[in-house]
Amino acid sequence: MRIRRLGAAAATVAVGALILSGCAAPQSEIVEGSSLSVAWNQPFYSYNGNTSFGNATANNNITYATLGGFNYYNDVPELVRDESFGTIELVSEDPLVVKYTIADGVKWSDGTAVDAVDIMLQWAALSRALDTPDFDASEFTDPDTGEFTEDFPTDVVYFDSGADPSFGLGLVSQTPEVSDDKKSVTMTYDEPFVDWELQLTSPLPAHVVGKNALDIEDNQAAKDAVLKAILDGDDAALAPISSFWNGGFNFTEMPENTDLVLSSGPYVITDFVADQYVTLKANPEYNGDHLPKVEEITVRFITDPLAAVQALQNGEVQVISPQATADVATALADLDVTVIGGYEGTYEHIDLQFDQSKSGNFNNPLIREAFMKVIPRQEIVDKLIKPLQEDAEVRNSQVFLPGADGYDESVENNGSLNYMEVDVAGAQALLAEAGVTNPEVCMLFSSTNPRRANEFLLIQQSAAQAGFNVTDCSSPDWGGLLGTPGAYDASLFGWQSTSLGVTNGPPPNYTTGGVNNLNFYSNPEMDKLTAALGTTFDLEEQKQIMIDIDKLLWDDFYGVTIFQFPAVTAFDPNAISGISPSTLAPTIFWNIWDWEPVTAEG
């Protein structure tokens, strides 16, 4: 076993620490006939990672390779601009005006130009400026799937992006300006926003949305209709447009309508077998700076970590990045592979449903506090994580990465240390005060994840001592069920960092109605803090706001953090080179265009 260590990510709390680069990647040539396979632990299920349903690493790993964007993070990590896709220009700081321009020759894989209309649709979705006011979509969510039901009203405009008017593109409330050549879009913010450069994510094809939502056959006519609907604020057209944007790109096998997998990036989906694999092939229409070297890459879905190791040993895959366990480490030690270890930018945590839960118990803060007192955080770390990382510790902040500036200061005062040891007597006293006995807590987690199953058992046994009846709400489709009303009481999963932006975590996670606010948490004071975070440019003031956010979450009995993920990536050096995982999502996939077959056969 060849071992390399990947150090912990450089900690930062401010966008001012980001490093910007306009350097173009070197041009490369595809190795004809080459193919490689990589294993991932969850199946793909949505091509739109900007919705509350589709926002998952399993989806975004794939779309990262197929949807071009204005910037990305490398493995330092630092922010890199991809000017072969387009440019971002800061036109004015006060007012904040940002101009996006698509580069010449950028196309979708059907040959249609990527242009300002695609950006305008993304703005409409991520700002929700055109949404029907005061519409609540939660009552139209299927508790079994997490998707919207057929009863969803057809006459409302609702983009399921979780945008907030005080955050990100939600601050661009006025319709942006489109250039005459339809190459550029200029957005004016209502007030300054610190992470302005990170807000416009990779757009989806507007002409595909228009064709399907408005029943238009011609690509250009569909694109024109989408733009007209946005510029005119035409609710009759925007209602089906938003509906298709929300759910039209959800699929669990290769769709008959291949327009749904159009690509603007280096790869395009050419095959997708349910629960087995997605095949990516070099996009012949792509002419940007990230020309791939491997002609075909298959992402195989292997949920069992040890099965992934076995697949690597058998040569069925050449790269794996499974959830690290002691058994995985032992199995890899016997193989002639390169292993990269360290820590990921992901942390394990338990969120408690403040409203619309399966039992309704956690609407009572006394019961939330009692449950937090019996979660055996230290035992979980000692039994499941320390065998992999001897120096592993319980993570005690919802906001700060361990080792980051502000972490120790926040932990000292945020109240997390009150939950370091299991307190059965304290939990029993709180349940008595609440007037309940044997409250049920149905916990959602991945049913195919052995480590989570072990965590669940430790939690179940510990909580039972105080009288909690912790039951199993696990599912192989847990990701799509997150945030679904009536589906569970508590969730056990990991948040994975996608950027170094100061607003990357708190606003979408904790703001009322935020896209990642999956437990119906709402506190006006939190909303004020997250709004202030986005408009504060002073680094010390940012840190203090984040300390205040962290304390408020523990004071509100939001849930508990448990540990920072140990990382393990293993690959066959005789088959592939160029693997250099990042601590940020999409981890191993961030430089998929640099992967190179050692032999043409892969």
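Rings of Phe, Tyr and Trp, the last taken by its six-membered ring, are paired if their centres lie within 6.5 Å. In this predicted model, a search of the whole structure finds 35 such aromatic pairs. Phe44, Tyr47, Phe244, Phe249, Phe251, Phe272 and Phe301 come together as one aromatic cluster.

One pair worth a visit in the viewer is that of tyrosine 510 and tyrosine 558, whose ring centres are 5.2 Å apart. Their planes stand at 90°, so the arrangement is edge-to-face. This pair links distant parts of the chain, 48 residues apart: tyrosine 510 belongs to helix 14 (residues 506-510), while tyrosine 558 lies in the loop between helix 16 (539-555) and strand 17 (559-571). Tyrosine 510 has a relative accessible area of 1% and is therefore buried, and tyrosine 558, at 1% relative accessibility, counts as buried too.

Aromatic rings also meet charged groups here. The charged end of arginine 300 is placed over the ring of tyrosine 277, 5.5 Å from its centre. Likewise, arginine 451 has its charged end over the ring of phenylalanine 565, at 4.8 Å from the ring centre.

Turning to covalent links, the structure holds one disulfide. It joins cysteine 442 and cysteine 473, with the sulfur atoms 2.0 Å apart. The link of cysteine 442 and cysteine 473 is right-handed, with 105° about the S-S bond. Distant parts of the chain, 31 residues apart, are linked by this pair: cysteine 442 sits in strand 14 (residues 440-444), and cysteine 473 in the loop between strand 15 (469-472) and helix 13 (478-481). Cysteine 442 is buried at a relative accessible area of 3%, and cysteine 473 counts as buried at 14%, because the cut-off for buried is under 20%.

Key:
Residues numbered from 1 in each chain as written. Predicted model: local features only at pLDDT ≥ 70, side-chain atom pairs only at ≥ 80, totals over all residues. Heavy atoms only, no water. Disulfide = S-S within 2.5 Å. Helix = DSSP H or I, 4+ residues; strand = E, 2+ residues; numbered from the N terminus. Buried < 20%, exposed > 50% of the residue type's maximum accessible area, 1.4 Å probe, protein only. Phe/Tyr/Trp six-rings, centres within 6.5 Å; stacked < 30°, edge-to-face > 60°. Lys NZ or Arg CZ within 6 Å of the ring centre and 35° of its normal.
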